[in-house]
Amino acid sequence: MKKMPTVNITQLIERAQSHLDDEEFAVARADFEAVLTQNSGMPEALIGLGDCCFGLGEYEVSEEAYRSALQAAPSDPDALFGLAAVLRVTEYYKEAVSLYERGFDAEPERTEAYWELAYSREMSGDKAGAEHAYKSCLAYHPDHGMAEHLLAAMTGAKTRRAPRNYVRDLFDDYADTFDEDLVEDLNYVVPRLIQTTLSVYLTAHPTFKVPPFGRVLDLSCGTGLVAEAIRPLATHITGVDLSSKMLDIAVSKDRIDEAIVSDMIDFVDPSKNSGVAYDLIVCGDALVYLGALEEAIDGISHQLVEGGVFCFTVEDLAEEHFALRPSGRYAHHETYVSDLLIGSNQAVLSKSAIVPRRDSDQE
């Protein structure tokens, strides 16, 4: 029998790290595990395994790997920050705070992670400590969208929209588990409700066209859940989103026909109009990342064909035009939204209160 060539530990580590850097988490994991079969207590391999499993969303395995690494190297900053991140994601905030603080003692220059410490402090009830950490992050990184927006949400600041890089980074990080979390865990019904609303509209306004909507624009489409729900009603669906990772999933599942990486306001900006007009524009659970809606609604009105339909959801607000909630999402007053629609020559055909998912306020 021919003997298979062996790969030494150094080569395995280098190969695994290269795959990890390319976010090929499953492949990298196999290499790190191969290293650990030869040296079960090697901190570098344990940390790498923790990083891979974190990227795969396998948080229990990730936590175990980081804890094993810390047994061998109690002050290793990568293990400290890695375990802290797992505990932040799994909502064990108090221990996460302690680990972040130890991590900064070991490696104070990792300043971008101040927002993670801040968020963990906020969730554990230490608002003053959270504010200090958010501001520390912004002192080193003035354009850090995550720190900027979460600080504004926590303090109740009046902002007009979430920073673009906040939205992009949030959903790039969320992409791999987005469908499972929303549909299976939170009973997310916005796609079905938009499909039902459009079906009711078509019953009242029958058309000879089949499908009834030729060109459809799904603004901030995410992984294409809304597009999938309305697919039988459309000939061609263009999905626009800031998160390229969300769009990759939407394309891979054949939920959209065309994917465009763009901010929604930039895409509908009349001065940048490509000349394409849409029979239907949908925007499910995405205007919550905009406070002021004037630019968005005006731009959308210019993107619709005459008689075109705009179907969307917002979170309801009792007072003021709009406000940023502690969740980091904006809520809007019904009259504010209706007035903007009418002012842009759109008629309000229907509106209803919904519960989009189990953990959210009514929309």
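The second largest pocket in this predicted model holds about 1100 Å³ of space. If you want to find its middle, look for Phe-310, Phe-312, Val-348, Ser-350 and Lys-351, which sit closest to the centre among the 39 residues of the lining. Two of those names, Phe-310 and Phe-312, fall in strand β5, which spans 304-312. That strand is worth tracing along the pocket wall, since β5 gives the largest share of the lining, 9 residues. Helices α12 (190-204) and α17 (334-343) join in as well, each supplying at least two lining residues. As for chemistry, the wall of this pocket is a mix: 20 nonpolar residues, 14 polar ones and 5 charged ones.

Follow the chain on from α12 and you run into a bit of backbone that deserves a look. The loop between α12 and β1 (213-219) is home to Pro-211, and the peptide bond joining Val-210 to Pro-211 is cis, with omega at about -5 degrees. Another backbone oddity turns up at Asp-254, in the loop that links α14 (244-252) to β3 (258-261). Asp-254 is not a glycine, yet its phi is positive, at about 60 degrees.

Now for the helices, starting with α3 (residues 43-56) and α4 (residues 59-72). Their axes come within 8 Å and cross at roughly 160 degrees. Anything over 145 degrees counts as roughly antiparallel, and α3 and α4 are therefore put in that class. The crossing itself is left-handed. On the α3 side, the contact is made by Pro-43, Leu-46, Ile-47, Leu-49, Gly-50, Asp-51, Cys-53 and Phe-54. Facing them from α4 are Tyr-59, Val-61, Ser-62, Ala-65, Tyr-66, Ser-68, Ala-69 and Ala-72. Sort these contact residues by class and you get 12 nonpolar, 3 polar and 1 charged.

A second helix pair, α7 (residues 114-123) and α9 (residues 145-155), packs at an angle of about 20 degrees, with the axes 10 Å apart. Here the cut-off is under 35 degrees for roughly parallel, so α7 and α9 are described as roughly parallel to each other. Their crossing is left-handed. Trp-115, Tyr-119 and Glu-122 make the contact from α7, while α9 brings Met-146, Ala-147, Leu-150 and Met-154. This contact divides into 6 nonpolar residues, no polar ones and 1 charged one.

Put the two pairs next to each other on screen and you can check the directions for yourself: α3 and α4 run roughly antiparallel, whereas α7 and α9 run roughly parallel.

Definitions and conventions: Residues are numbered from 1 along each chain as its sequence is written. This is a predicted model: local features need pLDDT of at least 70, side-chain atom pairs count only at pLDDT 80 or more; totals for chains, interfaces and linings use all residues. Side-chain values use heavy atoms; hydrogens and water are left out. Axes are lines fitted to C-alpha atoms, for helices over the stretch in contact, and angles run from 0 to 180 degrees between N-to-C directions. Helices (H or I, at least four residues) and strands (E, at least two) are DSSP runs, numbered from the N terminus. Angles under 35 degrees count as roughly parallel, over 145 as roughly antiparallel, 65 to 115 as roughly perpendicular and the rest as oblique. A crossing is left-handed if the near helix is turned anticlockwise from the far one by less than a right angle, and right-handed if clockwise. Contact means heavy atoms within 4.5 Å. Ala, Val, Leu, Ile, Met, Phe, Trp, Tyr, Cys and Pro count as nonpolar, Asp, Glu, Lys and Arg as charged, and the others, Gly among them, as polar. On a 1 Å grid over the protein atoms alone, a cavity is a set of points where a 1.4 Å probe fits but cannot get out, and a pocket is an open set with protein on both sides within 12 Å along at least five of seven lines; lining residues have an atom within 4 Å of a point. Grid points are joined across faces, edges and corners, and a volume is the space filled by probe spheres set on the points.
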